[in-house]
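Got the model open? Here is a walk through it, from the overall make-up down to single residues.

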Amino acid sequence: MKATPLSNCERRFLLRAIEERKRLDGRQCYDYRNVRISFGVDYGCCIVELGKTRVLAQVSCELVPPKPNRPTEGILFFNLELSPMAAPGFEPGRQTELLVKVNRLIERCLRNSKCIDTESLCVVAGEKVWQIRLDLHLLNHDGNIIDAASIAGIVALCHFRRPDVSVQGEEVTVYTPEERDPVPLSIHHMPICVSFAFFQQGTYLLVDPSEREERVMDGVLVIAMNKHQEICTIQSSGGIMLVKDQVLRCSKITAVKVAEMTELIQKALDNDQKARKEGGKFGFAESIPNQKITAFKRESAAVDTNNVDKQAEEIITKADPPSEVFTQPILHTPGTAQIGEGIENSWGDLEESEKEEAGEEEDESEAAAFEGQKMETEETSTVEETSTKKETKDETIVLSDSEEEDVVILTPQEPPKRTRTQTSLKQENTSKKTFNKRRRKKKAAY
């Protein structure tokens with residue numbers, strides 16, 4: 001892990017605070033950060049939060065052939081991943097020194113301590129056994145990865161349920177959770193790691209160091225212990241020399257912290273099992289605090305429907321009497337209408353402006369009809385005049401009595417006068433209407 005180095009000013013500030021028995025987060029020297037455990041929907045999945053350090057644990061199983069040297073024992077496999085999501089300094093797919101150290105310590109804590117009965121994982125001796133795989137993913141790094149990973153690992157193993165199996169001859173039948181209830185693992189004890197950070201060659205001691213405190217510490221001592229005060233593993237790194245009294249003092253502190261942690265783990269497991277049996281809500285979504293803005297959750301309020309009729313009558317009696325009903329409508333301004341009980345329908349009545357427009361349209365239609373009749377009379381008169389003229393002109397034809405030539409004198413006919421058709425009348429009417437509307441709009445604007 002390539003973390004950004006601290007400046008000399010920051011190092012001096014942290015060391016000075018530790019000398020004065022003060023910590024940046026306000027804890028005492030031997031205090032642990034708050035531990036929070038939440039379980040997923042499936043068995044064997046949990047998230048452990050140690051302060052801001054978060055670790056996701058997932059347990060899975062499968063039937064595999066056993067090892068040749070141990071044909072009657074199951075197989076335990078542990079894997080820890082440090083991704084850049086947890087801290088920018090972590091490189092994906094690379095075996096760093098920190099990753100190797102934490103993986104080995106988890107294996108010694110959980111496998112070498114014999115906390116899990118591996119013989120109970122045997123299905124058919126020499127042929128099929130259960131392989132239990134524990135995957136640990138670091139979600140956020142804020143110091144003390146070892147303690148958070150050990151707590152998450154043992155909690156996930158205690159919460160896990162493997163499928164039930166039956167053996168008939170050489171046939172092995174694996175049952176689904178709907179057919180048979182899954183079987184929990186046989187766990188003898190719960191080993192939990194507790195880390196101690198030493199400063200100035202072992203002069204000062206802190207429990208559960210944070211990420212900044214780990215950068216300035218001289219060495220670390222990790223003790224894995226169960227609630228029976230049995231030391232499962234112990235490891236010291238950093239090249240510091242510790243005396244016997246320091247190790248004994250750390251072991252006594254570890255015994256107290258492990259007892260508190262074991263009680264917390266057992267309580268969390270019991271609450272989850274109770275919620276699953278009662279059919280309540282469980283999973284990561286239910287573990288979100290209701291105080292957060294992302295938690296849209298409200299408690300359902302009980303509604304009493306026993307005395308609904310009485311309550312309705314009381315409300316009606318206490319209510320104000322209805323307002324008076326007027327037999328005649330009150331029109332505050334001309335052109336308005338009022339809707340309510342006891343009032344006649346006035347939607348069909350026309351307003352004064354509409355009446356004026358309707359009267360003007362009627363006048364225009366009457367004028368147009370009068371003009372049309374006038375034009376028809378003019379046309380008839382013109383037709384009669386032309387017919388009389390033709391008769392007179394026919395009479396002016398002179399026929400000679402000579403036998404040699406018959407001379408006929410004809411006068412040229414005058415072209416008929418143009419008359420307005422019905423289409424022209426309609427165009428004039430439409431033009432008059434548009435002109436009148438424009439005049440009304442101008443008057444309204446003024």
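A residue is called exposed when its relative accessible area is over 50% and buried when that area is under 20%, with partly exposed in between. Keep those cut-offs in mind, and keep in mind too that this is a predicted model.

**The overall picture**

The protein has eight helices and 14 strands. Of its 446 residues, 33% count as buried. If you take the contacts with a separation of 6 or more, 68% of them are between residues 24 or more positions apart.

**Helix 2 and its two sides**

Helix 2 covers residues 97-110. Its 14 residues should span 20 Å at 1.5 Å a residue, and the end C-alpha atoms are 20 Å apart, which agrees. Which residues of helix 2 are buried? They are Leu 99, Val 102, Asn 103, Leu 105, Ile 106, Cys 109 and Leu 110. These residues sit on the same side of helix 2, because they cover an arc of only 165° around the axis. The general rule behind such a pattern is that an α-helix has 3.6 residues a turn, so residues three or four places apart point the same way. Turn to the other side of helix 2 and you find Glu 97 and Arg 104, which are exposed.

What do the buried residues of helix 2 pack against? Their partners are helix 3 (145-159) plus a set of strands: strand 4 (75-82), strand 6 (128-140), strand 11 (192-199), strand 13 (219-225) and strand 14 (231-237).

**A pocket and a cavity**

Helix 2 turns up again in the largest pocket, where helix 2, helix 3, helix 4 and strand 13 each supply at least two residues of the lining. About 670 Å³ of space lies in this pocket. It has 20 lining residues, and those nearest its centre are Leu 98, Lys 101, Glu 214, Arg 215 and Met 217.

There is also one cavity of 30 Å³ or more in the structure. Its lining is made up of Leu 14, Ala 17, Ile 18, Lys 22, Arg 23, Leu 24, Glu 213 and Val 216. Helix 1 (8-19) and helix 4 (211-216) each put in at least two of the lining residues. Helix 1 gives the most, with three.

Here are the two spaces side by side:

| Space | Volume | Nonpolar lining residues | Polar lining residues | Charged lining residues |
|---|---|---|---|---|
| Largest pocket | about 670 Å³ | eight | six | six |
| Largest cavity | about 50 Å³ | five | no | three |

**The loop after helix 1**

The loop between helix 1 and strand 1 (35-39) is home to Arg 21. What is the phi of Arg 21? It is near 60°, a positive value in a residue other than glycine. As a general point, most residues other than glycine have a negative phi. Arg 21 counts as partly exposed, because its relative accessibility is 45%.

Cys 29 is found in the loop between helix 1 and strand 1 as well. Is Cys 29 buried or exposed? At 10% relative accessibility, Cys 29 counts as buried. Setting aside neighbours within four places in sequence, Cys 29 is in contact with Arg 21, Arg 23, Leu 205, Leu 206 and Val 207. Cys 29 and Phe 196 are 167 residues apart in sequence, and their C-alpha atoms are 10.0 Å apart in space.

**Other spots to click on**

Gln 201 sits in the loop between strand 11 and strand 12 (204-207). Its phi is near 60°, a positive value in a residue other than glycine. Gln 201 is exposed, with a relative accessible area of 56%.

Helix 5 runs over residues 244-277, which makes 34 residues. From first C-alpha to last, helix 5 reaches 49 Å, close to the 50 Å expected at 1.5 Å a residue. Just after helix 5 comes Gly 279, with a positive phi of about 75°.

Lastly, look at Val 172, in strand 9 (residues 171-174). Beyond its neighbours within four places in sequence, Val 172 is in contact with Leu 63, Val 123, Val 124, Lys 128, Ser 166 and Val 167. Val 172 and Val 123 are 49 residues apart along the chain, and 8.3 Å separates their C-alpha atoms.

Note on methods: Residues numbered from 1 in each chain as written. Predicted model: local features only at pLDDT ≥ 70, side-chain atom pairs only at ≥ 80, totals over all residues. Heavy atoms only, no water. 1 Å grid on protein atoms, 1.4 Å probe; cavity = no way out; pocket = protein on both sides within 12 Å on 5 of 7 lines; lining within 4 Å. Points joined across faces, edges and corners; volume = space filled by probe spheres on them. Helix = DSSP H or I, 4+ residues; strand = E, 2+ residues; numbered from the N terminus. Nonpolar A, V, L, I, M, F, W, Y, C, P; charged D, E, K, R; others polar. Expected span 1.5 Å × (residues − 1). Buried < 20%, exposed > 50% of the residue type's maximum accessible area, 1.4 Å probe, protein only. Arc of directions from axis to C-beta. Contact = heavy atoms within 4.5 Å.
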